[in-house]
Amino acid sequence: MSKTGKAWVMAGPGQLELQEFPYPKCEDDGIIIKVEACGICGTDKHMWNGNAGMVDFPIIPGHEFAGVIEEIGPDYKKSMLMVDETLDLKVGDRVILGPGTKGCGKCPTCLKYPDKPLLCQNRFRYGHSKVGEPPYFLGGYSQYIYALPDSWLFKVPDGMSPELAAMAEPTCIALRVVERAMEPGTPSTGHGFGIGKTVAVIGAGPIGLLIMAAFKHAGAGKIIAIDMLPKKLEMAQEFGADLCINAKLSVEERQRIIMDNNEGELADVVVEAAGAPIAFKQAIDFVRRGGIVIEAGHFTDGGDIPINPYTICNKDCDIRGVWANHPVTFRDALNFMDRTTVPLEKLSTHIFGMNDVPEAMKTAGGPDVGKVIIKPWE
Ligand SMILES: [Zn+2]
Ligand SMILES: [Zn+2]
């Protein structure tokens with residue numbers, strides 16, 4: 001009998017089925033990775049709930065994975081996008097892939113914004129593409145991943161666990177938030193994030209916590225966590241928060257607490273990472289005049305919220321969105337994850353075996369749940 005591998009296939013919202021596929025042939029320009037850990041992303045959960053917009057079902061979900069090389073084609077260096085040219089990879093090395101291949105280079109987005117390949121609509125994305133043809137294994141809820149040519153390939157630092165490495169993708173979002181907060185980048189004059197600045201983060205879920213950790217690593221003076229759940233605020237303290245505020249308090253009460261603990265001022269930077277439209281409005285309420293608001297919580301459409309434009313004018317503040325980061329950030333994310341003093345591994349609060357993926361999916365996003373990780377069979 002020829003070799004096979006198993007993967008969870010999502011045929012539509014709420015439908016997950018374990019299927020078996022033929023083990024693919026490793027082409028000269030391809031790599032087959034044995035998945036060791038795969039995170040459940042908020043967007044996976046949205047696909048499962050049926051509110052992720054257009055999805056090309058059936059798919060094998062999962063774009064936050066780490067694994068070891070099972071087979072490697074002799075021409076991988078010609079086909080893969082590797083920022084470290086000196087790297088010689090071999091069977092058994094632990095690697096991660098960027099969430100998709102490079103941009104097509106030809107669409108209007110690629111032509112106009114070449115520095116933003118993640119915005120290309122034509123590029124292939126792991127965990128989002130229709131399954132059914134060889135090499136089949138193109139999502140992380142699986143025993144294997146087939147690395148297609150033009151994939152961003154990164155070696156995991158020695159000693160880093162697969163569970164942690166699998167969090168490199170959401171960590172890239174956190175790095176993008178810090179990058180956005182640095183613009184225009186003259187912190188000494190009060191413009192942009194810099195060493196010693198005060199950052200408030202609304203929402204202490206996995207992304208919010210990674211954002212706090214990244215700001216701490218980047219030299220924030222004070223980090224303020226705002227969330228409704230005491231358990232998440234407890235976690236926030238471990239991830240760098242100096243001050244925790246319960247989101248159930250009124251806006252005025254929260255403003256008062258921020259000012260009482262920040263030399264009478266509101267925050268230099270406020271990040272919305274709760275994913276609730278009301279939190280975006282409040283982010284503007286909590287930022288100081290001349291400060292920066294970053295919206296990093298709405299990767300799906302949560303609806304509208306009335307905003308008073310006077311507040312934005314009066315505060316002379318900047319409001320910035322965060323969608324996706326250049327894949328090269330994965331190198332920086334792994335570097336940060338390797339060096340930070342924050343115990344990032346505590347973020348994976350729930351680990352499920354490969355047989356329990358539907359249960360893992362139900363658990364993800366729960367009130368006391370950090371990152372949910374799936375671990376395939378040994
Ligand atoms: Zn993700
Ligand atoms: Zn393109």
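Cys104 sits at 33% relative accessibility and so counts as partly exposed. In this predicted model, Cys104 is one of the ligands of a zinc ion (ligand 2), which is held through SG atoms by Cys104, Cys107, Cys110 and Cys120 at 2.2 to 2.3 Å. Cys107, by contrast, is buried, with a relative accessible area of 9%, a value that falls under the 20% cut-off. Along the chain, the donors of this zinc ion (ligand 2) are spaced as C-x2-C-x2-C-x9-C. What geometry do the four donor atoms give the zinc ion (ligand 2)? The angles they subtend run from 103 to 118 degrees, which makes the arrangement tetrahedral. For reference, the ideal angle for four tetrahedral donors is 109.5 degrees.

The other zinc site reads rather differently on paper. Here the zinc ion (ligand 1) has Cys41 (SG), His63 (NE2), Glu64 (OE) and Glu169 (OE) as its protein donors, lying 2.2 to 2.4 Å from the metal. The angles among these four donor atoms span 83 to 160 degrees, and the site is irregular. In sequence terms the donors of the zinc ion (ligand 1) follow C-x21-H-E-x104-E. Two of them tie together distant parts of the chain: Glu64 belongs to strand 4 (residues 64-72) and Glu169 to helix 5, and the pair is 105 residues apart. Are these two glutamates buried or exposed? Glu64 is buried, at a relative accessible area of 1%, and Glu169 is buried too, at 15%.

Helix 5 leads on to the helix packing. Helix 5 (residues 168-182) meets helix 6 (residues 206-217) with the two axes coming within 8 Å and crossing at roughly 55 degrees. The two helices are therefore oblique to each other, and their crossing is right-handed. A second helix pair involves helix 8 (residues 251-260) and helix 9, whose axes are 10 Å apart and pack at an angle of about 40 degrees. That angle makes helix 8 oblique to helix 9, and here as well the crossing is right-handed. As for helix 9 (residues 277-286), eight of its 10 residues are buried, so the rest of the structure largely encloses it. The buried set is made up of Pro277, Ala279, Phe280, Gln282, Ala283, Ile284, Asp285 and Phe286.

Turning to the sheets, six strands build an open, parallel sheet in the order 10-9-8-11-12-13. Strand 10 (243-246) and strand 13 (318-321) take the edges with a single partner strand each, so one side of each has no neighbour in the sheet. From one strand to the next, the twist averages 20 degrees. Within this sheet, strand 8 (residues 198-202) pairs with strand 9 (residues 222-227) in the parallel sense through five bridges; Ile202, for instance, has Ile226 of strand 9 as its bridge partner.

Antiparallel pairing turns up elsewhere, between strand 5 (residues 94-101) and strand 7, which are joined by four bridges. Val95 is matched there with Lys155 of strand 7. Strand 7 (residues 151-155) is mostly covered, with four of its five residues buried. Just ahead of that strand comes a backbone oddity: Asp150, in the loop between strand 6 (144-147) and strand 7, has a phi near 70 degrees, positive despite the residue not being a glycine. With a relative accessible area of 29%, Asp150 is partly exposed.

A few more backbone features are worth flagging, given that most residues other than glycine have a negative phi and most peptide bonds are trans. Glu263 also shows a positive phi, of about 50 degrees, without being a glycine. Glu263 is placed in the loop between helix 8 and strand 11 (267-272) and is exposed, at a relative accessible area of 83%. Where, then, are the cis peptide bonds? One runs from Phe57 to Pro58, with omega near -5 degrees, and Pro58 lies in the loop between helix 1 (42-49) and strand 4. Another joins Glu183 and Pro184, with omega about 0 degrees, and Pro184 is found in the loop between helix 5 and strand 8.

Definitions and conventions
Residues are numbered from 1 along each chain as its sequence is written. Chains are lettered from A and ligands numbered from 1 in the order in which they are written. This is a predicted model: local features need pLDDT of at least 70, side-chain atom pairs count only at pLDDT 80 or more; totals for chains, interfaces and linings use all residues. Side-chain values use heavy atoms; hydrogens and water are left out. Donors are N, O and S atoms within 2.8 Å of the metal (3.2 Å for Na, K and Ca); water is not among the atoms, so sites may look incomplete. Four donors count as tetrahedral if all angles lie between 85 and 135 degrees; four count as square planar and six as octahedral if opposite donors are over 155 degrees apart and all others between 65 and 115; anything else is irregular. Buried means under 20% relative accessible area, exposed over 50%, partly exposed in between (1.4 Å probe, protein chains only). Two strands pair if DSSP finds at least two bridges between them. Axes are lines fitted to C-alpha atoms, for helices over the stretch in contact, and angles run from 0 to 180 degrees between N-to-C directions. Angles under 35 degrees count as roughly parallel, over 145 as roughly antiparallel, 65 to 115 as roughly perpendicular and the rest as oblique. A crossing is left-handed if the near helix is turned anticlockwise from the far one by less than a right angle, and right-handed if clockwise.
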